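Walk through this model with me. We take one chain interface, then one helix.

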Amino acid sequence: MISTETFLIAVLALPFVGSCLAILFKANARNAEAYLAGVVALVALVLVLLTYPRVLDGGVLEYRAAWVPELGLELSLRMDGLAWLLAVLVTGIGFLVVLYARYYMSPSDPVPRFFSFLLAFAGAMLGIVLSGNLIQLVFFWELTSLFSFLLIGYWHQNAQARDGARMALIITAAGGLCLFAGVLILGHIVGSYDLDRILASGATIRAHSLYLPALILILLGALTKSAQFPFHFWLPHAMAAPTPVSAYLHSATLVKAGVFLLVRLWPALGGTNEWLWLVASAGLITFILGAFIAVFQQDLKGLLAYSTISHLGLITVLIGLDTPLGQVAAIFHIVNHATFKASLFMAAGIIDHEAGTRDIRRLSGLWRFMPITATLAMVAAAAMAGVPLMNGFLSKEMFFAETIEIHDNSIVDQMLPYIVTAASMFTVAYSLRFILDVFFGPDPERLPRRPAEPPFLMRLPAELLVLICVVVGMAPALTIGPPLATAVRAVLGPVVPPYSLAVWHGFTPEFLMSLVAIAGGATIYVLLRPYLRVYSGLPLLQHINGQRIFDRVLLVVSWRLARRLESLLGTRRLQPQLQILVCAALVAGLAPLYVRGIGPTVSPQTTFDLVFAVIWAVGIACALAAAYQAKFHRLAALMLVGAAGLVTCISFVWLSAPDLALTQLVVETVTTVLLLLGLRWLPKRIQESRPNGTGGRLIRWYRVRDFAIAVASGSCLAALAYAIMTHPPPERISGYFVENAYNKGGGTNIVNVILVDFRAFDTLGEITVLGIVALTVFALLRRFRPAAESIPVPGQQRVQDLFDDASETRQRGDTVKSTMAVPAVMMTALFPVIGIAALYLLLRGHDLPGGGFVAGVMMATAFILQYMARGTIWVEAHLRVLPVRWMGTGLVMAAGVGAAAWFFNRPFLTSSVRYLDVPWVGAVPFASAMLFDVGVFALVVGATVLMLIAIAHQSLRSTRTPRPVSSTVALDESPWAKVP
Amino acid sequence: MEIVLALAIGVLTASGVWLILRPRTFQVIIGLSLLSYAVNLFILVMGRLSSNAAPILPIRAAGDPTQFADPLPQALVLTAIVISFATTALFLVVLLASRGLTGTDHVDGRESER
Amino acid sequence: MSSFADHLTIAPVVLPLFAAAIMLALGGDHRVLNATLNVGSTAALIAIAIVLLRAADAAPLGLSAVYRLGNWPLPFGIDLVLDRLAAIMLLLASVLGLAAVVFSLARWHRVGAYFHPLVQLLLMGINGAFLTGDLFNLFVFFEVLLAASYGLALHGSGSARVMAGMHYIVVNLVASLLFLIGVSLIYGVAGTLNMADLAARIPTIRSEDRALLEAGAGILGIAFLVKAGMWPLCFWLPDTYAAAPPPVAALFAILTKVGVYILLRLWPLLFGGQAGAAGYFGGEGLLVGGLATVAFGAIGILASQDLARLASYSVLVSSGTVLAAIGMERTGMTGGALFYLVSSTLGLAALFLLIELVERGREPGADMLAVTRELYGEEHELEDTTHIGLVLPITMGVLGLAFICCALVLAGLPPLSGFIGKFALLTAALNPQADTISVAAWCFIAVLILSGLSTLIAMTRSGINVFWASPDRTVPRVRAIETVPVVALILLCAVQTIEAGPMMRFMYATAESLHAPNQYVRSVLGSAGEAPKSQRVDQ
C-alpha cells in the first residue's frame, strides 16, 4: 500500500507525463488524445478525492524532496483543505473540458498540440495549488502563463490570437516577475521560503519595514493574473483561444490563481490598512467596471469575459475586506463561479459551434432549436445573476452581508452596500441579455449554419456543472458544506467564525439587496435593449481602450525608445570605440598614480650617452613624420616606420639584448616586404581638398581631441616607464634563469634557454599563433577580391609591356627580365648562402644569439628572394614548397619533443641535455630543447612563406596577361592554388 | 639615459595612438606597428637598464644575476615581437580584403558623415 | 608528478594542438579526415574534462593538480593549475566545441578553408587560458584563442564578416598591447609572473611601488574587460557575433566568459582579503560596469530586429550579470554567478545554432516587415480567421520548442536552469542573514529582473513573427545532425535544473575556494619542488 503522500507527487506528475505522451500522437488522433487526456484528468481527480480523509479535520498532507538545499529550495508539495478544494476544481473541470473539447475541436484540427498544452497547464496549475514553497509556487506560476500563451495562440494564423497571446503572456509574466521579487523580499524578511513558516510569521512581516514593497509586488502578481483593474484588459483578448481553453483557463482555473494566492497569503499579509485599501479598491473598481462593460458586449464570449472580470473583482473585494468571513465567502465564490462560468462558456461554445456565430445581435430564438442547451445556459446564467436557489445566490448573499459590515468606517465603507448593489444590477442585466437575446425572440435569420442540439456527450460536461450549481444552491450544507469548512479551516485555522449555508435566512438586508439588484437589473435591461440591438461598442468609456494603450506603450518603450537608447549609448563605428578604450586604459593607469603618488625615485643607473640620444632624436622624428604622412604617402610612411624600427633595433643592442636586435631586424624586413606586397592592392589616395565651414571645424575639433588623447597616453606610458626605471628593482625570478641556464638548461644564451626550455610553453603557444595567422591569411586571400581600381596592371609594367609588344624581337616581360637579370643571379646565388646562415643561427642559438625563430624567418626570406628574382611561376615550377605541411610538421615536432618527456614520466616539455661531438665544431651541447627549436624553425618557415606567397600570388590572379601553360600546371599542383 | 628612452617610448606611443584614432585603415596599421615598438621597449625597460651586459654566459657555468641584464623581459619581448608580426600581417590582409569588398579604406567600411 | 592523472592535466591543451598539427602536416585539406579528427578530439576533450572535474571535486582544497611544465620549480617555470573553476570551464568549453563542430558538419565547415584546425586551436587557446597559472603564459594563450577566433570570425569571408572582423581585430589588438603593458608593469614591480607567487608577494610590495602595481593591474583589468565585453568596451561584440558563422558564434559564447573567468581567477587572488592595503580595489567599478552592461544588453535586445543581433546582445546581458555579481564580492553571489554563467552560456550557444536553422526558411527582410507590422498595427482583414489550427511540420514543431526553451533559459523563466541561476543570484543579493539591503543590491535585483522581462518581450516578438505570423513560410530543410546539438544543449540546461542541488554545491565550493586565495597560493607554491637534478640525464 503506497502512502498517501505519494499521491501528491503522482497528481502533480501525471498531467506532465500525459502532456509529453500527447505530443507524440498523430495530427488527427482526436479520440486517442481525448482518451489519454480524459484518463489522466480522471485519475488525478480520483487521487485527489482519495486524499480527502487526510485533510478533513485540518490535516495537512506533505511531500518533501530535497532539490537545492544551498538555496533553501526543495520540492515541497502541501495539500490542505484549500489546496484540496482547488485541486478538485482543476482536475474535475479539467476532465469535463477535455470531454467537451473532444467534440468542440474540428476533426481536421491538429489536436496533439492542443491536448498536450492543456494537460501541461493542468499540471502547472496543480503545482501552484499544491506548492508548499513560495519559490516553487512562482515556478509553476510562470509556467501557467507560458501554457496559457501557447493555448491562446493555438490558432496562430489569425492575428487576434497572436496579439491576445502576446499581451496575456507579457502582462501575466511581468506580474509573475513582480511576484517573484515580492516573494524574495518575503523570504528575506522571514528567512525562509517555506509556506508554513511564512504563514506562521505574519506579525514579523507586517511589522517589517519592507512590508509595503513586498505587499505591492505580490499584489501586482496576483492582480495581473486575476485580470484585476488596471490589468484587466488582457482577458477579453484571450478569448481568441478555442472555447474549451476559455472555459478552463480563463474562467475556472488560471484566473483563479491570483485570488487563490491572496487567500493563501492573507494570514501572513492581511490585517492591515494597506491590504484593505489596495486589494478592496482594486477589486471594487474591477467589479463595477467589468459588470458595466459586460452589458455592452456583442460577442457572447466577450460578455462572459467581462463578467468573469467582474466576478473576480467581487472575490477580490471579499478578500480585501480583510475579515475571516470575507475569506469564507471568497473561497465559496471561487468554487461557484468556476462551476457556472465554465458551463456558460461551454454553452457559448456550443452556440458558436452550432450556429456559426457568437454575435448576440445576429442570434435570437435559439430556444426552439436547442432547448436543452438553452435550459442549461439559463440555469447557469441565473446562478451568475445570483438568483435564489442557485449557488451564485448563496455566495452573493455572503458578499452583500460582508459589504454591510463596518470595516474602517470611511465614506467608501459606508457607501459600499449601495455601490455593490448598483453594480450587481448590471450583473443581472447582462445575464438577462445573455438569455433573452440569444434564446428568445424571433427566429434568427441568415445564420451561417442551421442551429441544432449538439451531440449528447458535448452537452454532458455543461449539464454536470449546471447540476452542481443547482444542487449546491438547493442543499448547500449537505454538498459544499464540509469541503468548504475544511478549506476555510486551512486558511483561518481552528477558530472559524460561525457562518451558515442555509438557502433562506429570512428577510435580511442582504436579501433585500439581492431583490433590488434583480429588479434594477431587469429595468436596466429593458431600458437598454432597443439601443443594444443596433449599437455596437461602449458608451462613454469607448475611447479608453486598454489594449491600444498597452500596444502603444509597448511599442514606444520596447522599440522606439530602445532604438534611440541603443544608438545613444552604443556605437558601431571603430574610432569612438578605440577612443573609449584608450581613455579607459589611461584612467586605469593614472588613477592609482594620482591617488598614491609615484613614490621616490633613485638616481638613474646609466649615464647619458649623446650618440644614443641623437639616434633617438632621429627615431622620434621618423615616428612623428610617419604619423603625419600615413594618410596620403603610404610608401614614405612605411619607410619612416622602418627607420623607427631600426632605431629600436639599435637601442636593443645598446640595451644588451642582441637576440632582440637580431629578431627585430629580420621581422622588420619581412614586415616591410609584406606591406609592400600589400600596397600593390591599396589604391592610391587622392588628397581631397579640406572641407571648410562647420565640417572643417568639426574635423579640426576631432583632430584636437585625438591629439590630446595621443599626447596624454604617450606621456602616461613614458611616465610609467621612467618611474619603473628609476625605482630599485624587486627581487626577481629571473635570477634563477641566469644561475641555471647552463647547469640545467645546457645553454649559455640565457634568453634562448628561457625560450626553448624554461618557458618553452610560451614559445609553443607563440608559434601556434603564427601558424594560425598564416592559415587565416591564406583562407582570407583565397576569397580575395582586389579593389577595382587596383586590378589593372601597374603603370610601369604597362609601359614595359607596350615597349615589348612594340619591338617584334622581344616578347612580353623581357624588359623586366633584362632589368632584373643581375639582381636575379645574385639572389639566386644567395639562396644557399642564406640557407646555411639560417642553419648556423639555428644551431648556435642555444649558446649565442640566434635560434629557431630568427633562422626560420631568414630561411623564408631566402624563398622570397627567389620569388623576387625569378617570379612566382618559375619558382613554383622548379621547387615545390608546401608551407602548410612545413607548419604541421613543425608543430608536431615541437609538441612531440615536449610530449616525449612523458615516456620518461616527466612533465610535458621536460628537456634533457647531453654533449655531441660535431666534426669541426667540436663538442656541441645537445639539448632536446634544440629539437624543439628545430620544430619552431620549421613552423616559422612554413608560416612566413605561406603568408608572403599568398599575397604575392594575388598578382597572378588578377593580371589579365595570358599565363604560360607550364606555369598554370605548376600553379595547380602548388598547394596554395589548391582549393580545399 | 632613462629619460631618453622614456621620451622615445612616449613619442612612439603618442604617434601610434594618434594614428589608430585616424579613419584610414593604413594609418591604423602603421599606428599599430609604432605602438608595438613602444610596447616592446616598455617591456624591455621593465627589467631596468644595463648596457654591455648581454645575457650570454661567457663560460659554461652558472652565472651571477647581477652581472647580466634581466633576461626574462627579453624573452617576453621576443614572444611579443613574433605575435605582433603575425597580427600585423593578419590585419594587413583584412584591410586589403575590406578595401576590395567595400571599395573604401575607411575603418567602418563606408565614408563617415563627418 | 608521476601518475597518469597528472599528465592528463595538460591534455586539454596538447590534444587539440596535436589534432590540429596532424591535420596540417597531412596538408590540411582532407575534409573527411579533418572532420573525424576534430569530432574525435573534441569528444575526447569532454571525457578528459569530466575526469578532471571529478578529480578536482574530490581533491581536499578543490585543487587537484599543479602541473609544472618542463619540471622546473615554481615560481620560475610555468605551471598549470587544475581546480574546480578551471575544470568546470574546461567542460563547458569542450561541450560547446562538440556542439559547434557537429553542427558545422552539415554545411558550415565547407564555406572556407581550415575550419577544423582553427576550431581545435581555438579550443587549445581557451583551455590553456583556463589552466595556466602564469600571467605571461596567459597572454600567450589569449593570443592563441584570439588568433583562432579572428580566423573563425572571418570564416567564409564576405563584406559583413570582414568589416565586423576588422573592428574585432583592431580592438583586441589594442587590448593585447594593454595586456602586455600591464603584465610587464607588474613584473617590473613585483619581479614575478607566477600568479600564486604574485599573490604571495603583493602584501610585501613597497608602498611607493604599490601605485605602479595597481596601475599595472588596472591596465590589465581593462584588457580583460574588453574580452568580457563590459560596457562601454563592448561595442565590437554584437556586430562580430552576429556576422560570424553560426557554429562559430555558438563557440564564441564561451569567449566572453574567458575574460570573466580571468577576473574571477585573478581579482580575488591578487586583491582579495589578505592583499593588504590594496584591498578589493575596483569592486564598485566592476559592479556598476556590470549593471551598465546588463542594461545596455537589455536595450540592445529590444532594439534588435534580426535574431542574430538579439542573441549577440544576450551575450552582453549574460556576461554583464556575472561581472556585476562578482563585483558584489560575496561567496553566495559568486556561486550563483557561476551557476548562471554555465546555464546562460549553454542557452546562448543553443540559440546561436538555432537561429540559423530558423532563418533558413525565411526570405531576407522578413524581420523588417515584422517590425513595420508592429509599427502600423496588424492588418487583420488580410489574415484568414478560420478556426482550424494549422498542422505544424515536425521540423517547425521541434524548432519552435527549442526556441521557447532558449527564450526561457535566457529570460530566466522556469522551468529551465535560467530560473535557478537567476534565483540563486537574487536570493544571494537579498542575503537573508543581513538586516539591511544595500542600494547596490536593490539595483542589481531591479536590473536583473528588468533584463529578464525585456528578453521575454523581445523573444516573444521575434518568436511570434518567425513561427506564427508567417504560416505560409517554407519549412527549412534541416538535417538531423544540425538539430541534435541544439537539442543536446537544451537538454543539458534541463539536466542542470534537475541536478541543481549537486551543481549548486559544486559552485559554492568553487566560490569559497576563490574567496580564500591563500589556500590556492599555498597549494601551488607548496608543490614547488626543487629542480630534480637526478631526473636529468647527466652530462
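Across the interface of chain C and chain B, the rule finds zero salt bridges (a side-chain nitrogen of Lys or Arg within 4 Å of a carboxyl oxygen of Asp or Glu). Polar contacts do occur: four residue pairs, both at pLDDT 80 or more. Such a contact is a pair of N or O atoms within 3.5 Å; within protein, one must be able to donate a hydrogen and the other to accept it, and residues adjacent in sequence count only if both atoms are side-chain atoms.

This is a predicted model: local features need pLDDT of at least 70, side-chain atom pairs count only at pLDDT 80 or more, and totals for chains, interfaces and linings use all residues. Side-chain values use heavy atoms, without hydrogens and water; residues are numbered from 1 along each chain as its sequence is written, and chains are lettered from A and ligands numbered from 1 in the order written.

In contact (heavy atoms within 4.5 Å) are 25 residues of chain C and 31 residues of chain B. The buried area, meaning accessible area (1.4 Å probe) that the two parts lose on being put together, summed over both, is about 2,300 Å². Carbon and sulfur atoms give 86% of that area. In chain C, C:Met166, C:Leu177 and C:Tyr187 lose the most area to chain B, together 23% of what that side buries.

Which helices of chain C each supply at least two residues of the side that touches chain B? They are H6 (135–153) and H7 (159–190), helices being DSSP runs (H or I, at least four residues) numbered from the N terminus. H7(C) gives the largest share, 16 residues.

Now turn to chain A. The buried residues of its helix H26 pack against H27 (634–654) of chain A, and against H1 (2–20) and H2 (25–45) of chain B.
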